[in-house]
Amino acid sequence: MHRSNNIIRPLINSTRKSRYLIRGRSHFARSSIVVAAVDSKIINLAPKKTYEQTCFERIQKRLYSNDTLPPHFKVNLPALSPTMEMGSIVSWSKKEGDSISEGDLLTEIETDKATMGLETPEEGYLAKIFIPSGVRDVPVGKLLCIIVPDESSLEAFKNYTAEDLEGDSQAPDATTADTSAENSETSATSANYPNHMKVELPALSPTMETGTLTSWSKEVGDELSEGDVLAQIETDKATMEFETPHEGYLAKILIESGTKDVKLGEILCIIVENKDDIDAFKDYTTPSKSKKQPQSSKPFTVSQTSSPPVSSFQEQAQKYAPPKTQASISPTPRTGERIFVSPYAKKLAAEKSIDLRTVQGTGPAGRIIAQDIINYQPSSPSAYPHTISAAPGVDSIDIPLSNMRKTIAKRLIQSKTTIPHYYLSRTITLDAIMQARKDINSHLESSGNKVSLNDMIIKAVAFACKQVPEANSAWHDTFIRRHNRVDVSVAVATPEGLITPIVFAACTKSVADIANNVRELANKAKENKLVPEEYQGGTITVSNLGMFGITNFSAIINPPQSCILAVGSGVKAVVPADNDKGYKTVQQMQVTLSCDHRVVDGAIGAQWLDAFSKAIEKPSLLLI
């Protein structure tokens, strides 16, 4: 039965949450699944993007016009991170009246995770800025500015306010034509199927781009309750449990266990409300992906105004829409010619280790924009002329990269190529803290718990951060954020690679509490059971290789943090002493502090290392 799309009504009842349909879109409490109801069929509406793509493609952008205003685009504040609800406008890189090209840096926005550059979603002219620089707590979806395609249209918006523009157009959003075509295909595919929900692969970490479906916890035909573990998914950080988004019955599994590199937004399975509907999906297959490529700059909120004919809107959209060609690579790198690239695209290319000479730009005059970097995929090994094949007879194996290993590589390259590291080393005597550890463990013996030297080092790191708070800071391009709380990231080696679970508020915890916390986090890390909240964030990192006999090393900073402490093993050493022999034997260790020189000057780093050394050599200071 056909239902009106202009009302708000419950879509499906739930014991834990409900979602409401507004003009054909369903908004969940969990943002990982997005569905729509069309003619009583639940279909996929918006495939999930990577978080990098979110910065560019989920921008609210509509083409408006009416009797009093010329055609224009509204740019709303997008959600630049999975948990973002509000943002702060740090600065505008363009001013009213400026000519802007697609891919230009428009403004810098501070989210709950970092400060990010928002690129211009459409070429034209910046007609009006509604949220000035410095405004904090701007809600997602708030109108930021107006872009017009013609310079002659600037004057029309000179005295306009956001309230004036709130209801100025009856034009549909920029996805009307695209969604119409997409719905036609999906409706045709689902025409003979009963009501169902398509469950897509969600982004389970901010840096996740693909996932591996490790195993299914349910089988086809099983009854599902909301919150049941549906599948185990390996992300770039850990293996995580994916819960059932809604109660019903598992009708079809579309991605088998063990499948690697499943892209965000791919349909994992089908859930139906009635058990009798399961058989209808026995031969169900997903629609052709080639017909469901998302168009650039789709909005993510919905207007409740009536829609004009799609054809008239398509004519306007085609007139002002940016080129829709996909980024490609040149057969061979360009040499000897100037490369035109937007600042943010250049930064993304450095993070991804992409040679800009091999990227074909799709911006104005062939300029490389951020979307070209996001879409960049080498078509064949020939794109890299310096690739060397293994010589015949060489006994070697090629090990596939796990998602975690890919992320480690990307972040370390970002750190070493964008952060000016410098290093401070110091030798510290351990006798006093080793005796304190012995006394503590003697007291804890009845409980079966023990405190390690590393636990006491973490406590000393927190102490030093409180004494020298400048080191407990992070670089955010246009400002330095100084943290009041000390959250210590602890490097833990796992079979898949390195991960850094966090001891939150370490300065407020006892050494025994830190020991229990670290032990629990390390076990979960080695079993790939960490959840994002346990490894995302941190204000300073400790990396300890002393247990492997390493006496000293230098660690790479974990951005956006500014410092990481590398800890070596304890060794016996002979030092001068005021006794009959004139010397004594002590236990010492070497530590090296890696600092970001943009945030921590040499003198500050030295003061922090001195405070840390005093806490180790005089452990009574840890009681302060």
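Me: What does Leu 565 touch, leaving out residues up to four places away in sequence?

Reply: Ile 457, Val 461, Val 591, Leu 593, Trp 608 and Phe 612 are among the residues it touches, where contact means heavy atoms within 4.5 Å. This is a predicted model, with pLDDT of at least 70 needed for local features and 80 or more for side-chain atom pairs, while totals for chains, interfaces and linings use all residues. Residues are numbered from 1 along each chain as its sequence is written, and side-chain values use heavy atoms, without hydrogens or water.

Me: What makes the 46 residues a nonpolar core?

Reply: They count as one because they are buried (under 20% relative accessible area, 1.4 Å probe, protein chains only) Ala, Val, Leu, Ile, Met, Phe, Trp, Tyr or Cys residues, joined through side-chain atoms within 4.5 Å. Leu 565 and Trp 608 are among those touching the most other members. Helix α9 (a DSSP run of H or I, at least four residues) gives the largest share, nine residues.

Me: Why is Gly 549 called partly exposed?

Reply: Its relative accessibility is 48%, and the class lies between buried and exposed (over 50%), so the label fits. Gly 549 sits in the loop between β32 and β33, strands being DSSP runs of E, at least two residues.

Me: How do you know that β18 and β19 pair?

Reply: DSSP must find at least two bridges; these strands have five, in the antiparallel sense, so they qualify. Ala 231 is bridged to Phe 242 in β19.
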